[in-house]
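Student: I'm new to reading protein structures, and I'd like to learn on a real one. Could you walk me through it?

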Amino acid sequence: MTLARDRSVRRERRVIASRAFAGYLWYGRVTSMSATWKVPRLAASTVGSAATSIGAQSGGSAGPFIQIGIADERLIPSEDASLHLPAAAYEAALYAFWSDTDHHFLLRPLAPVSAGDVVDASLTLTRGRWRVRLVDAQSFLKVNFSTRDEGRPLGTAEWLQEDVTNAKTGRLRHYPSLSTVRFSDLRVDGTAPSDLSLTAESMSPRPLLTILPSPVGGDAFTVPHAP
C-alpha cells in the first residue's frame, strides 16, 4: 500500500457523521482559535436557517462551550404558513451572533451583515475570560468583548457549518440552499493545524443529502453548495 493510499484510508476513518454539522474538529488543549470566511448567499427560492462559525468546547453536548459566527436565514412567520407565499416574498436575515453554555447554546444576535462580506473571527482565553472577536470591514462591524463567566482551556476546536435548531421545537430547521462556504487561515493556539490533526464531520440535514467538507489544504477548506 502506498503512503498516499494509506493517508486516504486514515482520512476516511476519521469522518464523523452527523445531522447538523459539517466541517473540521481539532482535539487538544484550546486557548485560542480563529478563521476567516465569506458570508454565504441564500438562494432566493430557499427558506431555512444555517450558521457558519468557529467554536470551542469540552465534555460533549453538556460541557462548557463558546461560539462566534454568522447566521443566514429566511423564515416564514407561523401566521403566514397557510398563505403559501413563495420564499422570495420574505427577506433574508444575515447577522453576526455568539453563544456559550450560559446562553444554552442559543444564538445571540449581534449586528447585521451582508452576503459576500469577509469576516475574521477569533476566540482567545485571556486572564480567565474568553475574548470574543469578529470583524467585518465591509459592514463596518467590529465585535470585541470578554465573557463574564470564568473561562478555562477547552478540549475541542471547531470550524463548522451548521443546520440550526429551532429553539421552540428542539428540531432542526430546514437547511437552506447556500453558496459554497470557504474557511481559511485556520489557527488553533496561534498555529495552523496539520491536516492529519483534524477530524472531518459530515452533515446530513435531510434524506438523500450528505454534505462533506473538502480536504484541508493551505490552511483552508470548503463546505460545498447545498442544493
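Student: Let's begin with burial, then. What percentage of the 227 residues in the protein is buried?

Tutor: One thing before that: this is a predicted model. A residue counts as buried when its relative accessible area is under 20%. In this protein, 45% of the 227 residues are buried.

Student: And what does the surface look like in numbers?

Tutor: The accessible surface adds up to about 11600 Å². Carbon and sulfur atoms account for 53% of that surface.

Student: How do I judge the overall shape? What is the radius of gyration, and what would a compact globule have?

Tutor: You compare the two values. A compact globule of 227 residues would come out near 17 Å, and this protein has 18 Å, so the two agree. If you'd like outer dimensions, the C-alpha atoms fill a box of roughly 55 × 50 × 35 Å along the principal axes.

Student: How many helices and strands should I look for?

Tutor: Look for one helix and 15 strands. Contacts tell you how the chain folds back on itself. Taking contacts between residues at least 6 apart in sequence, 68% join residues at least 24 apart.

Student: How do I read a sheet? What is the strand order in the open sheet of six strands?

Tutor: You go from one strand to its neighbour across the sheet. Here the order is 10-9-8-3-12-15, and the pairing is antiparallel. The ends of that order are the edge strands, strand 10 (141-146) and strand 15 (221-223), each of which pairs on one side only. On average, neighbouring strands of the sheet are turned by 15° against each other, direction ignored.

Student: Can we zoom in on one edge? How many bridges join strand 12 to strand 15?

Tutor: Three bridges connect strand 12 (residues 181-188) with strand 15, and the two run antiparallel. To find the place on screen, look for F183, which stands opposite F221 in strand 15.

Student: Is there a general rule for where side chains point in a strand?

Tutor: In a regular strand, side chains alternate between the two faces of the sheet.

Student: Now for strand 6. How many of its eight residues are buried?

Tutor: Seven of the eight residues in strand 6 (residues 93-100) are buried, so this strand is largely enclosed by the rest of the structure. Strand 5 (residues 65-74) is joined to strand 6 by eight bridges, running antiparallel, and I70 stands opposite A96 there. Strand 6 also pairs with strand 7 (residues 108-112), again in the antiparallel sense, over four bridges. In that pairing W98 stands opposite R108.

Student: I clicked on D100 in strand 6. Is D100 buried or exposed?

Tutor: D100 is buried, as its relative accessible area is 3%. Beyond its neighbours within four places in sequence, D100 is in contact with F65, I66, F105, T147 and D149.

Student: Which polar partners does the D100 side chain have?

Tutor: The D100 side chain reaches the backbone nitrogen of D102 at 3.3 Å. There is also a polar contact of 2.7 Å between the side chains of D100 and H103. For a sense of distance, the C-alpha atoms of D100 and F183 are separated by 21 Å, and these residues lie 83 residues apart along the chain.

Student: What about loops? Where is S177?

Tutor: S177 sits in the loop between strand 11 (154-163) and strand 12. S177 is buried, with a relative accessible area of 12%. Residues that S177 touches, leaving out those up to four places away in sequence, include R41, L42 and A43, as well as H225, A226 and P227.

Student: Which loop holds F140?

Tutor: F140 is in the loop between strand 9 (129-136) and strand 10. With a relative accessible area of 78%, F140 is exposed. Its backbone is worth a look too: phi of F140 is near 55°, a positive value in a residue other than glycine.

Student: And what is phi for D189?

Tutor: D189 has a positive phi of about 50°, although D189 is not a glycine. D189 lies in the loop between strand 12 and strand 13, and at 32% relative accessibility it counts as partly exposed.

Definitions and conventions
Residues numbered from 1 in each chain as written. Predicted model: local features only at pLDDT ≥ 70, side-chain atom pairs only at ≥ 80, totals over all residues. Heavy atoms only, no water. Pairing = 2+ DSSP bridges. Axes fitted to C-alpha atoms, helices over the stretch in contact; angles between N-to-C directions. Rg over C-alpha atoms; globule rule 2.2 N^0.38 Å. Buried < 20%, exposed > 50% of the residue type's maximum accessible area, 1.4 Å probe, protein only. Contact = heavy atoms within 4.5 Å. Areas by Shrake-Rupley, 256 points an atom, 1.4 Å probe, with all protein chains shown as cover. Polar contact = N/O pair within 3.5 Å; in protein donor to acceptor, adjacent residues only side chain to side chain.
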